[in-house]
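Colleague: Could you take a close look at one part of this model for me? I'd like one spot examined first, and then whatever surrounds it in the fold.

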Amino acid sequence: MRIAVRGGTIASLRADRSLLALALLTGGVTLAALVCLLSSPAAFVDEPTGHRPLAAVQDVRGRATKHVLVVSHAAGFGHSSIPLGTQIIQELGQKQGLWETDVAVDAAAVTQKLAGEFLKGVDLVIFNNATGELPISEEGKAAFLQWLRAGHGFVGVHAATDTFYKWGDYGKMIGGYFDGHPWHQKVTVRVEDKKFPGVQSLGDSFEITDEIYQFRDWTRDNLHVILSIDNASLDVTKGKRADNDYAVAWARMEGKGRVFYTSLGHREDVWTDPRYQEHLLGGIRWALGLARAKVKPGTRPGAAEK
Ligand SMILES: [Zn+2]
């Protein structure tokens with residue numbers, strides 16, 4: 001059963017519940033009706049994680065479906081996981097009944113869609129492994145920041161920090177720039193903010209195998225760290241940072257705009273990992289204004305392992 005992705009999902013969900021209650025009251029519920037109701041959007045609430053309900057539907061409060069633009073143009077390095085990642089973002093939006101997804105893959109689409117006029121209809125821009133200098137004008141860059149600061153959202157995935165090196169305000173907006181990936185291995189990731197949407201079920205830490213970034217022009221003073229590397233799980237001498245502080249995911253405010261970044265998302269098997277999807281979904285929901293979180297720049301871990 002397909003879900004309506006543009007509006008009406010919550011209304012239909014409520015209608016389904018009313019119908020179920022009515023059917024139970026009148027004793028007229030049939031097996032076919034039950035199957036139909038269980039196939040309704042309510043049945044998707046637990047997906048794709050299989051964990052406890054994500055409460056996403058309740059947070060929508062009857063608002064219209066959101067509009068998400070996924071930008072995945074690789075002007076620099078091209079990740080093979082891009083198509084899968086975009087598909088998963090699209091499916092997460094459909095299954096949660098929260099957003100519909102538009103895409104900008106080639107240069108012309110980026111020029112057209114990452115511009116002021118098109119952005120008027122967009123709630124959230126996701127950079128899915130976009131790299132290099134994307135083809136937008138100086139005017140377009142200013143309009144993008146204005147759009148974001150007015151109260152919209154931006155989510156950067158993995159190589160989103162390997163982008164727009166010549167546009168310093170982009171680096172400030174996302175929180176830092178990619179500065180090499182000294183590690184591609186299984187690591188332990190610490191959950192620094194267990195209350196942030198999407199990480200509640202991960203415990204104090206979790207293990208995952210992915211390409212692990214280090215960053216430059218990055219400081220905790222400008223952002224709120226959600227996940228970071230447990231340095232005991234890798235050879236920290238391969239890293240460049242004097243403070244040995246390697247964050248994995250963070251959030252920050254850009255004016256009234258919400259910015260979420262996760263450096264995970266290089267490998268296909270990370271994208272298909274339900275824990276990653278829940279982490280990403282949490283970040284997207286927060287960036288869309290559908291979930292609350294305290295975003296306090298300058299947070300420190302208990303003690304960054306040296
Ligand atoms: Zn990568």
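Is D217 buried, partly exposed or exposed, and how many other C-beta atoms lie within 10 Å?

Modeller: Keep in mind that this is a predicted model. D217 comes out as partly exposed, because 15 other C-beta atoms lie within 10 Å, and a residue needs 20 or more to be called buried. You'll find D217 in the loop between strand 8 (215-216) and strand 9 (224-229). What makes D217 worth a look is the backbone: its phi is near 50 degrees, a positive value in a residue other than glycine. Most residues other than glycine have a negative phi.

N129 has a positive phi too, near 55 degrees, and is likewise not a glycine. N129 sits in the loop between strand 3 (124-128) and helix 7 (138-149). Its surroundings are another matter: N129 counts as buried, because 26 other C-beta atoms lie within 10 Å. There is also a glycine with a positive phi, G97, which follows helix 4 and has a value near 65 degrees.

Since helix 4 has come up, here is a quick check on it. Its 15 residues, 82-96, should span 21 Å at 1.5 Å a residue, and the end C-alpha atoms are 21 Å apart, so the two agree. Its buried residues include I82, I88, I89 and L92, as well as K95 and Q96 towards the end.

Now for the sheet. Strands 3 and 9, which flank the two loops above, both belong to an open sheet of nine strands, ordered 2-1-3-4-11-10-9-6-7, with mixed pairing. At the edges are strand 2 (99-104) and strand 7 (205-212), each pairing on one side only. Ignoring direction, neighbouring strands are turned by 20 degrees against each other on average.

Next to strand 9 in that order is strand 10. Strand 10 (residues 247-254) pairs with strand 11 (residues 257-262) in the antiparallel sense over six bridges, and R252 stands opposite V259 in strand 11. Helix 10 (residues 274-287) packs on the sheet, touching strand 3, strand 4 (153-157), strand 7, strand 10 and strand 11. The direction of helix 10 makes about 165 degrees with that of strand 11.

One last word on confidence: the chain averages a pLDDT of 83, with 77% of the residues scoring at least 70. Over residues 1-64, though, the pLDDT is below 50, and this stretch has 67 contacts in the model beyond near neighbours in sequence.

Notes
Residues numbered from 1 in each chain as written. Predicted model: local features only at pLDDT ≥ 70, side-chain atom pairs only at ≥ 80, totals over all residues. Helix = DSSP H or I, 4+ residues; strand = E, 2+ residues; numbered from the N terminus. Expected span 1.5 Å × (residues − 1). Buried ≥ 20, exposed ≤ 12 C-beta atoms within 10 Å, placed from the backbone. pLDDT = per-residue confidence, 0-100. Contact = placed C-beta atoms within 7 Å. Pairing = 2+ DSSP bridges. Axes fitted to C-alpha atoms, helices over the stretch in contact; angles between N-to-C directions.
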